[in-house]
Amino acid sequence: MQPDRRPGARPEATPERSDAARNRLRILIAAQTLFDRDGVESVSMDRIAAEAGVGKGTLFRRFGSKAGLAAALLDAQDSRLQDRILFGPPPLGPDAPAAERVLAFFDAYLDLLDDNLELLRLSETAAPGARYRIGSYGFWRVHLALMLRDACPDLDADATAHLLLAPLDSDLQHALRQGEFSSERIRTTLLTLVERVVGT
């Protein structure tokens, strides 16, 4: 089997022991259940360990922090979106004009953000610059840059990709939604902005 060479792809991991895999699954289920019920901010690592029936040391060794746990919960959703971009139907997937694929990406990412804002915020603000070190950010940036080179050859595609991703920052999205901006207003405004950049 060839290694995964997608932008932002993680290196292949050593296979887990069966007991470690079971503990990991129990922790992820417990964390998702508690986060959904009580909110990400109010749930402690102690509560997650107790809910999962594992020791706190096991939890910290496996995930490092609540931000690491958030990243693990987001990983499967990020992977699904990446697969849709690489192999799914157009306009998000191949065989659509590049400008349409850019718009479809923003629409799909806003869905992901709407469903997981607090988890994204936790993982992206764990440390200065954390957002830009997450593997999926690298994937989104490279994908956008490739599409922008095709759709807007007069633009600096690499810089524009970073700048277009900036409004998707989860901390900014959280701040906007705490004020007067609804999710739908943000979506409409951002997609209009992207349309103007790519010229659709």
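User: I'm looking at Tyr109 and Trp140. Buried or exposed?
Analyst: Both Tyr109 and Trp140 are buried. Keep in mind that this is a predicted model.

User: How buried is Trp140, as relative accessible area?
Analyst: Trp140 has a relative accessible area of 3%. The cut-off for buried is under 20%, so Trp140 counts as buried.

User: Where is Trp140 found?
Analyst: Trp140 is in helix H7.

User: How many aromatic pairs are there in the whole structure?
Analyst: A search of the whole structure gives 6 aromatic pairs. Tyr109 and Trp140 make an edge-to-face pair, because their ring planes stand at 75 degrees, with the centres 5.8 Å apart.

User: Which helices does that pair link?
Analyst: Tyr109 sits in helix H5, residues 98–124. Trp140 sits in helix H7, residues 135–151. The two are 31 residues apart, so the pair links distant parts of the chain.

User: Why two values for each pair, a distance and an angle?
Analyst: A pair of aromatic rings is described by how far apart the centres are and by the angle of the planes.

User: Give me another pair. What about Tyr132 and Tyr137?
Analyst: The ring centres of Tyr132 and Tyr137 are 5.1 Å apart. Their planes are at 85 degrees, so this pair is edge-to-face. Tyr137 is buried, at 6% relative accessible area.

User: Which residues form the aromatic cluster with Trp140?
Analyst: Phe105, Phe106, Tyr109 and Phe139 form one aromatic cluster with Trp140.

User: And what does Trp140 touch, leaving out residues up to four places away in sequence?
Analyst: Trp140 touches Asp78, Leu81, Gln82 and Ile85. Phe105, Tyr109 and Leu165 are also on that list.

User: How far is Trp140 from Arg37?
Analyst: Their C-alpha atoms are 30 Å apart in space. In sequence, Trp140 and Arg37 are 103 residues apart.

User: Let me zoom out. How many helices and strands does the chain have?
Analyst: The protein chain has 10 helices and 0 strands. Its pattern along the sequence is α-α-α-α-α-α-α-α-α-α.

User: How compact is the protein chain?
Analyst: It is as compact as a globular protein of its length, because its radius of gyration of 18 Å is close to the 16 Å that the globule rule gives for 200 residues. The C-alpha trace spans about 55 × 50 × 30 Å along its principal axes.

User: What share of the residues count as buried?
Analyst: Of the 200 residues, 40% count as buried.

User: And what share of contacts join residues at least 24 apart?
Analyst: That share is 63%, among contacts between residues at least 6 apart in sequence.

User: On to helix packing. How do H1 and H3 cross?
Analyst: H1 covers residues 18–38 and H3 covers residues 56–63. Their axes come within 11 Å and cross at roughly 95 degrees. That makes H1 roughly perpendicular to H3.

User: Which residues meet there?
Analyst: From H1, Ala20, Asn23, Arg24, Ile27 and Leu28 take part. They meet Thr58, Leu59, Arg62 and Phe63 in H3. The residues of this contact divide into 5 nonpolar, 2 polar and 2 charged.

User: How does H2 pack with H3?
Analyst: H2, residues 45–52, packs with H3 at about 110 degrees. The axes are 9 Å apart. H2 is therefore roughly perpendicular to H3.

User: Which residues make that contact?
Analyst: H2 supplies Met45, Asp46, Ile48 and Ala49. H3 supplies Lys56, Leu59 and Phe60. The split is 5 nonpolar, no polar and 2 charged.

User: What about Ala50? Buried or exposed?
Analyst: Ala50 lies in helix H2. Its relative accessibility is 60%, so Ala50 counts as exposed. Ala50 and Ile27 are 9.4 Å apart, C-alpha to C-alpha, and 23 residues apart in sequence.

User: Last topic, the backbone. Where is the cis peptide bond?
Analyst: The cis bond joins Pro90 and Pro91, with omega about 10 degrees. Pro91 is in the loop between helix H4 (66–87) and H5. Most peptide bonds are trans.

User: And what is the phi of Asp95?
Analyst: Asp95 has a positive phi of about 75 degrees, although it is not a glycine. Asp95 is found in the loop between H4 and H5. With a relative accessible area of 78%, Asp95 is exposed.

Notes
Residues numbered from 1 in each chain as written. Predicted model: local features only at pLDDT ≥ 70, side-chain atom pairs only at ≥ 80, totals over all residues. Heavy atoms only, no water. Axes fitted to C-alpha atoms, helices over the stretch in contact; angles between N-to-C directions. Helix = DSSP H or I, 4+ residues; strand = E, 2+ residues; numbered from the N terminus. Parallel < 35°, antiparallel > 145°, perpendicular 65-115°, else oblique. Contact = heavy atoms within 4.5 Å. Nonpolar A, V, L, I, M, F, W, Y, C, P; charged D, E, K, R; others polar. Phe/Tyr/Trp six-rings, centres within 6.5 Å; stacked < 30°, edge-to-face > 60°. Buried < 20%, exposed > 50% of the residue type's maximum accessible area, 1.4 Å probe, protein only. Rg over C-alpha atoms; globule rule 2.2 N^0.38 Å.
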